[in-house]
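Please open the structure in your viewer and keep the selection tool at hand. The tour below proceeds from one selection to the next and describes what is found at each stop.

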Amino acid sequence: MHRALHHADLRAVPEVRRALRALLRPCLAEEPAATAELLASEVLTNALIHSGHDAVFTAIVHDGHLRVEVRDFTGRPPRPRAPRPHEATSGRGLLLVEALAADWGVRRHGVGKTVWFELGPADRASAHDRQPEAA
């Protein structure tokens, strides 16, 4: 999945989430897919708000692993930070990525950077397909 997004067009975030959900439906269980949507929207929102430029969103599923990349065109590195008390709805995106992703990082380019995260291996069995563990 590959999408180019315009700077500060936050209407694109739910559209990308829906497209990502459709991509992941056949290959990820509900919980990891929901985590992927959350983290993707956090990283994408950060790029659209803080970079001052357009962004490019890419999601790749391969051998049960998901890799999401969001490229923007500013060299300013993202920094996880503890949100201040008055920031009720912001400042937590990269903290969530750190806590929930299997791995994540930042790759610099000549112009800009890519923030990426990975989830996996994918849990392909749905909750009703799993066998209970022996006691």
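**First stop: alanine 47**

Begin by selecting alanine 47, which lies in helix H2. The model on display is a predicted one. Is alanine 47 buried or exposed? With a relative accessibility of 5%, alanine 47 counts as buried, because the limit for a buried residue is a relative accessible area under 20%. Now display its surroundings. Leaving out residues up to four places away in sequence, alanine 47 touches His53, Ala55, Val70 and Asp72. Add phenylalanine 57 to the selection: this residue is 10 residues from alanine 47 along the chain, and the two C-alpha atoms are separated by 9.8 Å.

**Second stop: aspartate 72**

One of the contacts of alanine 47 is Asp72, and this residue is the next to select. Aspartate 72 belongs to strand S3. Its relative accessibility is 4%, so aspartate 72 counts as buried. Which residues does aspartate 72 touch, when those up to four places away in sequence are not counted? They are Ala47, Ser51, Asp54, Val111, Gly112 and Lys113. Of these, valine 111 may be picked out for a distance: aspartate 72 and valine 111 are 39 residues apart in sequence, while their C-alpha atoms are 8.4 Å apart in space.

**Third stop: the whole protein**

Release the selection and view the protein as a whole. The protein contains three helices and five strands. Traced from the N terminus, its elements follow the order β-α-α-β-β-α-β-β. Of the 135 residues in the protein, 35% are buried. The protein exposes about 8200 Å², and carbon and sulfur atoms supply 53% of this area. Among contacts between residues at least 6 apart in sequence, 58% join residues that are at least 24 apart.

**Fourth stop: the largest nonpolar core**

In soluble globular proteins, nonpolar side chains tend to be buried together. To view the largest nonpolar core here, start from Leu24, Leu44, Phe57 and Phe117, which touch the most other members among its 28 residues. Two or more residues of this core come from each of helix H1 (12-24), H2, strand S2 (55-62), strand S3 (65-72), H3 and strand S5 (113-119). Which element gives the most to this core? That element is H2, with eight residues.

Next, select leucine 44 by itself. Apart from residues up to four places away in sequence, leucine 44 touches Leu5, Val13, Val16, Ala55, Phe57 and Val70.

**Fifth stop: helices H2 and H3**

Colour helix H2 (residues 30-50) and helix H3 (residues 93-100). These helices pack at an angle of about 145°, and their axes are 9 Å apart. The crossing of H2 and H3 is left-handed. On the H2 side, the contact is made by Thr35, Leu38, Leu39, Glu42, Val43 and Asn46; on the H3 side, by Gly93, Leu94, Leu96, Val97 and Leu100. Sorted by class, the residues in this contact are seven nonpolar, three polar and one charged.

**Sixth stop: methionine 1**

Move to methionine 1, placed in the segment before strand S1 (2-5). Methionine 1 has a relative accessible area of 22% and is therefore partly exposed. When residues up to four places away in sequence are not counted, methionine 1 touches Val16, Ala19, Leu20, Leu23, Phe57, Thr58 and Ala59. Leucine 23 is 22 residues from methionine 1 along the chain, and a distance of 7.7 Å separates their C-alpha atoms.

**Seventh stop: aspartate 63**

Select aspartate 63, in the loop between S2 and S3. Most residues other than glycine have a negative phi. Aspartate 63 is not a glycine, yet it has a positive phi of about 50°. Its relative accessibility of 62% is why aspartate 63 counts as exposed.

**Final stop: arginine 107**

Finish at arginine 107, in strand S4 (residues 103-108). Arginine 107 has a relative accessibility of 33% and so counts as partly exposed. Apart from neighbours within four places in sequence, arginine 107 is in contact with Arg67, Glu69, Lys113, Thr114 and Trp116. For a last distance, select proline 77 together with arginine 107: the two are 30 residues apart in sequence, and 9.5 Å apart in space from C-alpha to C-alpha.

Conventions: Residues are numbered from 1 along each chain as its sequence is written. This is a predicted model: local features need pLDDT of at least 70, side-chain atom pairs count only at pLDDT 80 or more; totals for chains, interfaces and linings use all residues. Side-chain values use heavy atoms; hydrogens and water are left out. Axes are lines fitted to C-alpha atoms, for helices over the stretch in contact, and angles run from 0 to 180 degrees between N-to-C directions. Helices (H or I, at least four residues) and strands (E, at least two) are DSSP runs, numbered from the N terminus. A crossing is left-handed if the near helix is turned anticlockwise from the far one by less than a right angle, and right-handed if clockwise. Contact means heavy atoms within 4.5 Å. Ala, Val, Leu, Ile, Met, Phe, Trp, Tyr, Cys and Pro count as nonpolar, Asp, Glu, Lys and Arg as charged, and the others, Gly among them, as polar. Buried means under 20% relative accessible area, exposed over 50%, partly exposed in between (1.4 Å probe, protein chains only). Accessible areas come from the Shrake-Rupley method with a 1.4 Å probe; for residues, only the protein chains shown count as cover. A nonpolar core is a set of buried Ala, Val, Leu, Ile, Met, Phe, Trp, Tyr and Cys residues joined through side-chain atoms within 4.5 Å.
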